[in-house]
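Hi,

Here is the structure I promised to pass on to you. Have a look at it first, and then read on for what turned up in it.

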Amino acid sequence: MKGIFVIVDGMGDLPNKQLGEKSPLEAAQMPNADFLASRGEMGYMYSVKPGFVPESDEAIVSIFGNDLISSTRGQLEARGTNIKLVRGDLAWRVNFATIDSYEEGNILDRRAGRNLQTWEAEALAKSLNNIKLAVPFVFKATLGHRGVLIFKGGFSDNLSGNDLVYSGGKSLIHDKISLIKPLDEEENTQYSANVVKDFLEKAFEVLDKHPINEARRKKGLLPANFLLIRGAGVEVPKLKYYKKWMSVNYMPLEKGFAKVCGMTNFAFEYPKLKEIDSYENLWAGLKKACRFSAKAIKRNYKKFDYAYVHLKETDLPGHDNKPLVKKEMLEYIDKTFFNFLRKFCPPNKIKVAITADHSTPCKLKSHSADPVPVLLYNDSIPKEKKFNENEARKGTLGRIDGKEFLSRIGFNK
């Protein structure tokens, strides 16, 4: 193996009062990342381009050298499940969400409190799949509040979703449901929009009165009574091929991305959310991810040229304004997975690149256009360095735009 590429999701951040005006990465004690940085180079990256606020799929697609037009979130998420797709099937990424009523359309929580238990999501999905519609469809709950929705047939994907939180490189947090709109005047596009609208209206009727949501209300929890959808797609995204890469990905988006890119993916079953404490579940997932990633690399490094590892959990405390938790998660990754890399890579002459797909500043509670720090361990002459946003800005790699990232660090050979 020549190199290991690690994306720590949403790692980039901004100074925070709770951390003495330091970012979580600056405040974290990360001796193993610092060791790798001191024997390498640092820089900073705009995962798409300056001023652009990327959605997760846009960031990953760009970092791996593709144009954004080559990707649709719904298709990548759906291909990360075991649902069979054919050309013309209309795929969407979905959030279970909470609204006040279908008529008013006020969004109370985009993730239904982030505490939808696995069995609850699966039961709601079963009821949704019993909806009578003019066309066949599949709804699948994936992880937490997430799901995928596929309408089977020859549909148009030139549609806007009802969840426009990120659009055209801007962060657009809306308090109201957006309308499903056809983006051209083609008859099939209008028909596709009408089918989706019909389903969403029926979905609200099923979800709002569902016994699970009635029980959640009695417990003081938010009901998962609506579906926010985005990233319409009907064709396989045309992405660059990375046949000599292995990947360790366990979230539907990243699993789908690895599959479309021709990588050999190694995944594990994510711990089920069995209580209302979503962060207990996140910690269980992060611990499993760090252990599994190290084992997968150790067992397979002689079979592949590169490895891509994506650790998701650090993004969530950014969205929830929990800088102390984000700091603790970074320290855990350093103590476990980065410690493994520090011991494993130098004797095997393997380079290591560590970065984020985007910044998720805690005080903004959303993605931002801020650049992310980049670390490239290449066994160079040791020098004192700390891995964080400020130090990375001064690094010899300088500024990198996402599409040129792998070529700049020499990982695309």
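Let's begin with the empty space inside. Keep in mind that this is a predicted model. With the rule used here, three cavities of 30 Å³ or more were counted. The largest cavity has a volume of about 70 Å³. Its lining is made of 15 residues, and those nearest the centre are Ser 47, Phe 52, Pro 54, Ala 369 and Asp 370. If you sort the lining of the largest cavity by class, you get eight nonpolar, four polar and three charged residues.

Now for the pockets. The largest pocket has a volume of about 730 Å³. Lining it are 38 residues, and to find its centre you can look for Arg 110, Arg 111, Arg 114, His 319 and Lys 365, which lie nearest to it. Several elements give two or more residues to this lining: the helices α4 (73-79), α8 (252-260), α9 (278-300) and α10 (315-319), plus the strands β3 (90-99) and β4 (107-109). How do the residues in the lining of the largest pocket divide by class? There are 18 charged ones, along with 11 nonpolar and nine polar.

The second largest pocket has a volume of about 630 Å³. Its lining has 29 residues, with Thr 142, Leu 143, Gly 144, Tyr 270 and Pro 271 closest to the centre. At least two lining residues come from each of α5, β5 (137-141), α8 and α9. By class, the lining of the second largest pocket has 12 nonpolar, eight polar and nine charged residues.

You have just met α5 as part of that lining, and it also packs with another helix, so to speak: α5 (residues 118-128) and α6 (residues 187-208) have axes that come within 10 Å and cross at roughly 125°. Why call this pair oblique? An angle from 65 to 115 degrees would count as roughly perpendicular and one over 145 as roughly antiparallel, and roughly 125° falls in neither range, so α5 and α6 are oblique to each other. The crossing of these two helices is right-handed.

Which residues make the contact between α5 and α6? On the α5 side they are Leu 124, Ser 127 and Leu 128, and they meet Phe 199, Ala 203, Val 206 and Leu 207 of α6. That gives six nonpolar residues, one polar and no charged ones in the contact.

Have fun exploring!

Notes: Residues numbered from 1 in each chain as written. Predicted model: local features only at pLDDT ≥ 70, side-chain atom pairs only at ≥ 80, totals over all residues. Heavy atoms only, no water. Axes fitted to C-alpha atoms, helices over the stretch in contact; angles between N-to-C directions. Helix = DSSP H or I, 4+ residues; strand = E, 2+ residues; numbered from the N terminus. Parallel < 35°, antiparallel > 145°, perpendicular 65-115°, else oblique. Left-handed = near helix turned anticlockwise from the far one by under 90°. Contact = heavy atoms within 4.5 Å. Nonpolar A, V, L, I, M, F, W, Y, C, P; charged D, E, K, R; others polar. 1 Å grid on protein atoms, 1.4 Å probe; cavity = no way out; pocket = protein on both sides within 12 Å on 5 of 7 lines; lining within 4 Å. Points joined across faces, edges and corners; volume = space filled by probe spheres on them.
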